[in-house]
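Here is a short set of exercises to work through with the model open beside you. Try each task before reading its solution.

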Amino acid sequence: MFKTLAGAWKIPEIRNKILYTLLMLLVYRIGAFIPVPGVDVDYIQSQVGDYEILSFLNLFSGGSLSIMTIFALGIVPYINASIIMQLLTIAIPKLERMAKEGDDGRRKIASITRYFGVILGLVQAIGILVGMGSGALDDPSNPFNYVVIIVCLTAGTALIMWIGERITEKGIGNGISLLIFISIIAGLPQMVISIFQRVGMGDLSVWSLIITIAAAFVIVLGITFVDLGERRIPVQYAKRVVGRKMYGGQSTHIPMKVNQSGVMPLIFAITILTFPGMIAQFWPQSGFYEWYQRYMGPNTVTYVIIYGLLILGFSYFYSTISFNPIEVSKNLQQNGGFIPGIRPGKPTSDYLAKILSRITFFGAVFLALVAAIPTFFTVATGVTSVFGATSVLIMVSVALETTRQLEAQMMMRHYKGFLS
């Protein structure tokens, strides 16, 4: 990775893109410290520490929610809007046709997603403010304070979306993914400091710290291995004679990633699991809250089992969205391609669907294990905050994807072509 960065820095065009990306990320981090006026930060910090869903949102905002800055909502509204639009594209024929119209259709869907993200940001800002209660405001009796806070949070969401799109367009890597990556990285120094403080005070043994570091290394290694893993389906194109020229005849392959769905199943699953707890925490004295904490809390066996089953289900669901065997089979047949030993048409789509099901099962089981191991490890050692399946997966996946994009751009500029 460092060798790739050093090589990319020597190319002026790529160096300018890297500098532009770093500048946009710096703007994002500066915005994460600009406070929203009229809020009680101490009260908000206590609320974020008490509510699981707020802690989850605080992670994706880089700690901005706990100090209520203009970027407190983070990129979560845009992510939710993107997920909903992907699902609606499959369910609504008009959106499906729009997605197949090429660049123009994709631009229309992107524009709809942006507006939808702002609307979700507005709804989320109102929900968080109402959920925290009047204690979150310095002057609850002034209704203008509510308007100012909601407008600042919604505008911050829109600005984050703009920053992410500019990075994608003029920088290196996927802007939205890099913003999430930076948000998670921003919280790591404080986590490391708190762990060493616990070791110094004797709350945590040195052996637990060593085991934690070793386990983190193994998990990152496993995530890297699975993220890079793919099944390559060989494809042969038939020879065609057009006039006096012969076309086709070459061999290639269809890459099918082991982890087709990435981190999306984890995000879906944890959102569904934390929602009942979020509702229950508004009535902490109720019987439902006590039952939920006892049998469905984050460190219970039931929680881990349901979490794993949801990851398994969402992995299959999302893999069908990202890879359509029928569409791939149809494209192969139209271009004169076939899989050796498999007849074109329905046999090819059935074969691809079978392969997809097998590798999706392996990827889903791996995601479920990665999600479950930190919970058992936290119960055994008492180390919290360091391990987070979603956080580690996002960090590793974004780092690998950005490195691949850098390598691809370097290859394009170093490729000499047939004239050499």
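**Exercise 1. The largest cavity**

Task: Sort the lining of the largest cavity by residue class, then find out which residues and helices form this lining.

Solution:
- Step 1. By class, the lining of the largest cavity holds three nonpolar residues, seven polar ones and no charged residues. Keep in mind that the model is predicted.
- Step 2. The lining residues are Val258, Asn259, Gln260, Ser261, Ser315, Ser319, Thr360, Gly363, Ala364 and Leu367. Val258, Ala364 and Leu367 are the nonpolar ones, since Val, Ala and Leu count as nonpolar.
- Step 3. Two helices, α14 (301-322) and α16 (346-381), each give at least two residues to this lining. The largest share, four residues, comes from α16.
- Step 4. As for volume, the largest cavity has about 50 Å³. The search of the whole structure finds two cavities of 30 Å³ or more.

**Exercise 2. The length and buried face of α2**

Task: Check the span of helix α2 against its number of residues, then decide how its buried residues are placed around the axis.

Solution:
- Step 1. Helix α2 covers residues 12-31, which is 20 residues. The expected span is 1.5 Å times one less than the number of residues, so at 1.5 Å a residue α2 should span 28 Å.
- Step 2. The end C-alpha atoms of α2 are 29 Å apart, which agrees with that expectation.
- Step 3. The buried residues of α2 are Ile14, Ile18, Thr21, Met24, Leu25, Tyr28, Arg29 and Gly31.
- Step 4. Seen down the axis of α2, these buried residues fall within an arc of 165 degrees, so they line one face of the helix.
- Step 5. The general rule helps here: an α-helix has 3.6 residues a turn, so residues three or four places apart point the same way.

**Exercise 3. One residue on that face**

Task: Is Thr21 buried or exposed, and which residues does Thr21 contact beyond its neighbours within four places in sequence?

Solution:
- Step 1. Thr21 belongs to helix α2.
- Step 2. The relative accessible area of Thr21 is 6%; buried means under 20%, so Thr21 is buried.
- Step 3. Setting aside neighbours within four places in sequence, Thr21 is in contact with Ile167, Gly171, Ile172 and Leu178.

**Exercise 4. Ser66 and Met68**

Task: Place Ser66 and Met68 in the secondary structure, and look up the phi angle of Met68.

Solution:
- Step 1. Ser66 sits in helix α5, residues 64-67, while Met68 is in the loop between α5 and α6 (76-91).
- Step 2. Ser66 counts as buried because its relative accessibility is 16%. Met68 also counts as buried, at 2% relative accessibility.
- Step 3. Neighbours within four places in sequence aside, Ser66 contacts Val41, Ile44, Gln45, Val48 and Asn58.
- Step 4. The phi angle of Met68 is near 50 degrees, a positive value in a residue other than glycine.

**Exercise 5. A loop glycine and the whole chain**

Task: Locate Gly229 and its contacts, then turn to the contacts of the whole protein chain.

Solution:
- Step 1. Gly229 lies in the loop between α11 (206-228) and β1 (230-237).
- Step 2. Not counting residues up to four places away in sequence, Gly229 touches Lys257 and Val258. Val258 is also one of the residues lining the largest cavity.
- Step 3. Gly229 and Pro255 are 26 residues apart in sequence, and their C-alpha atoms are 9.6 Å apart in space.
- Step 4. In the protein chain, 72% of the contacts with a separation of 6 or more join residues 24 or more positions apart.
- Step 5. The protein chain has 17 helices and five strands, and 42% of its 420 residues count as buried.

Note on methods: Residues numbered from 1 in each chain as written. Predicted model: local features only at pLDDT ≥ 70, side-chain atom pairs only at ≥ 80, totals over all residues. Heavy atoms only, no water. Buried < 20%, exposed > 50% of the residue type's maximum accessible area, 1.4 Å probe, protein only. Arc of directions from axis to C-beta. 1 Å grid on protein atoms, 1.4 Å probe; cavity = no way out; pocket = protein on both sides within 12 Å on 5 of 7 lines; lining within 4 Å. Points joined across faces, edges and corners; volume = space filled by probe spheres on them. Contact = heavy atoms within 4.5 Å.
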